[in-house]
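User: Hi! I am new to reading protein models and would like to go through this one with you. Could we start with the words we need?

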Amino acid sequence: MGQRRHDQWLERHVKILFVVASLVFGRTVWAQIRYSIAEEQKDGAAVGNIAKDLGIDHRTLKERGFRIVSTSGESMFSVNQNDGVLYVNGKLDREEVCERSTPCLINLKIALENPLEIHYVTVDVIDVNDHAPRFPDQVKHLEIGESVLPGARFQLQAARDPDSGSNSVQTYKLSHTEYFRIEIKDRDEDGKVPILILQKPLDREATKSMKLQLTALDGGRPPKSGTMEITIDVLDINDNAPVFTKEAYTVILNENTPVGTTIFRVNATDLDEGQNGEIVYSLGLDVNDKLRKLFNVNQITGEIVVTGLLDFEIKDKYEIDIQASDKGIVPLTTDKSVTIKIADVNDNAPQIEVTSFSSAIPEDSKAGTTVALISVSDLDSGINGRVTCSLPEDIPFKLMPSSQENTYSLVTTSSLDRETISRYDITLEAKDGGQPPLSSVKSITVQVSDVNDNSPEFSVSPYAFYVMENNTPGKSLFFVSASDGDVDENAVVNYNIWRDSGDENKHASFININAENGEIYALKSFDFETTKTFQFHVLATDSGNPSLRSNVTVNVFILDQNDNVPVILYPVSANGSAEGVEEIPRNVNAGHLVTKVRAYDADIGYNGWLLFSLQEVSDHSLFSLDRYTGQIRTLRSFTETDEAQHKLLILVKDNGNVSLSATATVIVKVVEPKEAFAASDVKNTVKDEEENDVTFYLIITLGSVSVLFVISIIVLIVMQCSKSTDYSSKYLQETNYDGTLCHSIQYRSGDKRYMLVGPRMSIGSTIAPGSNRNTLVIPDRRRRDSGEVSK
């Protein structure tokens, strides 16, 4: 208040000095305006139009610099230079600006330049009843002895209201009571003070305490109010023993309640007061040491506290005695029994026990086969001890409840296949019905034992192997291999060759097989010229009981070697040597066919492709030998000086890697034409006979070779048609070949595919290895319920 008076005094002197300065300079004009506005106005609320009230043209305000230059509340107001209106800047709260001053005046100084004008504006903030009366303390405690006489006065603290005038505290009201009334005393600046006056003597035995409510009202319309609670305790002498508020105490407590938890509070009252009415609590004298380790009681508050671990599964009920005593010179005591019931808490997870467990089960077990007996238990009671057991859904097992509670049978739900899954890791989960539920898991492993339900399977069907002729007997040729999906003895495979008396399997006697590893040996050396291909059947049998078997066809192709020397068919002398005599007239022309050397090679392909060359000749200018056909022709006509007899030594060799050869001798006699005709008549008869013999043998030989060749070609073509292949042909090509008696050509490639070309086959024809894929089916009389599957 002193500061505000100082500010007002200073402002008056500033105004006086300003007026004096204005009079001296003679240019300043000033005026005084006053506005009134209620508090709690919002930001931007208009207070008044200063320009209009001063008669100043609002259009010149901005040019003249219309503004607030000095104020005791400049931040609370602002002026608009466009229209000269004074606005509230922010929220206007009288209690914040003026506290308890009345009236609440805010002085503003408004300035304009050119010419200079100073105007004073006073804003009177009018109080609004926006505050309710409030007591310094919400609760007032009084202690009054029952011996106090009526008329005793008890001054109370006055309520305060920030509002002023009629909006401040005007009166007090006391709740209805026959013992007290209220009196109001006006203390100017301290306001109206309430005084509590005793009207009737107090009787502690009738009323030991009471609560009154004092209400303060302001003068607003409607009025606002504030209350204070007055608690009055009546003091008395010690003439009463403690009394418990309840006849019996029963507490329900969860097990596993933490140590230090307050579970209950006993309450005893004493009509006395002071030390005679103060109560202390303790455990009864008859409480044993075991209970004292579990529970304790607070001496002052009577709170029963847990001091040990409680377990429903050990004991579910306790009874303890609580003693209440006052602090009188001769204390009075009262005992009360407290029953504490322990409630079950879901604190025990279910237990899973597996009995009669079969760790291995045959894969051919029927659905419903019992694998194990499962029993579950839970130490909790009620719903907390109600247990359900479950399995994963993606396994061929399920739990079947038994007649006995919490006992299950683990059984199969479908057939098992060890070759697909040989082991099951089964997780059993047991869950109780508590909230939240507790669960436990147990894993068991079930092995699926093998049953001989898989026949051996060959890696290839049919097999095709190529064997060079003249092989060493007893040496390994090739392997066959079969696998069995079973394990142990059921997967041990033995091999043997199927032998019967039929013609189709007659070559099986040529070979033998290692029963353990499928290695195949030849018992004899093969001759391509005798046998070009054959097949046999291999049986694979496992060691199960009963055993299972399968078979596969093996196609063997004999490959040719250059092991046959060319045979001279012509010329052949009477003693069997390759020597012949040819007579030709001396007058023959160049190119005359003297004779043709004919030869044969039992091999095929390049090994049977024969080439002819002259090794020795008496006159190289007379005769020529065709390299491929073996034809001997004259190169020129004979002269008188030429000798009458010429000897030609001809070499015939094949085209094998290591070529074989034979020689033939042709003696050419040159005779005069007449002698030639005469001699020809004599020789024709002999020669015809010889040529007839040679032709007969030649026809037999060519027929035999041709028949064998055609048969082998037909077999290979049939095998090729029955088995598709993606192999590309690779061959060696020889053009314009017209070899003597060369019935076939053999081609070779890196992947052992071979080509045969004969008189009726074009170069490039292919025979791929393979067969019609038909495998010998051998019935197994030891298995009545299944048959062999042809592969």
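Analyst: Happy to! A residue is called buried when its relative accessible area is under 20%, exposed when that area is over 50%, and partly exposed in between. Please keep in mind that this is a predicted model.

User: What percentage of the residues of the chain count as buried?

Analyst: The cut-off to apply is under 20% relative accessible area. The chain has 791 residues, and the share of them that counts as buried is 41%.

User: Which strand has the lowest mean pLDDT among the elements of the chain?

Analyst: Let's begin with the whole chain: its mean pLDDT is 79, and 81% of its residues reach 70 or more. The secondary structure comes to five helices and 51 strands. Among the elements, the highest mean pLDDT, 93, belongs to strand E47 (residues 631-634), while the lowest, 38, belongs to residues 745-747, strand E50.

User: How many contacts beyond four places in sequence does the model have for residues 724-791?

Analyst: Some caution helps here, because predicted coordinates should not be read in detail where pLDDT is low. Over residues 1-11, pLDDT stays under 50, and the model has six such contacts for them. Residues 724-791 also stay under 50 in pLDDT, and their contacts beyond four places in sequence number 157.

User: Why is Val707 described as partly exposed?

Analyst: Val707 lies in helix H5, which covers residues 673-722. Together with Ile711 and Val715, Val707 makes a nonpolar surface patch of about 230 Å². Partly exposed means between the 20% and 50% cut-offs, so Val707 fits because its relative accessible area is 48%.

Key:
Residues are numbered from 1 along each chain as its sequence is written. This is a predicted model: local features need pLDDT of at least 70, side-chain atom pairs count only at pLDDT 80 or more; totals for chains, interfaces and linings use all residues. Side-chain values use heavy atoms; hydrogens and water are left out. Patches are made of residues with over 30% relative accessible area and no salt bridge: like charges are joined within 9 Å, nonpolar side chains (Val, Leu, Ile, Met, Phe, Trp, Tyr) within 5 Å. Accessible areas come from the Shrake-Rupley method with a 1.4 Å probe; for residues, only the protein chains shown count as cover. A salt bridge is a side-chain nitrogen of Lys or Arg within 4 Å of a carboxyl oxygen of Asp or Glu. Helices (H or I, at least four residues) and strands (E, at least two) are DSSP runs, numbered from the N terminus. Buried means under 20% relative accessible area, exposed over 50%, partly exposed in between (1.4 Å probe, protein chains only). pLDDT is the predictor's confidence in each residue, from 0 to 100. Contact means heavy atoms within 4.5 Å.
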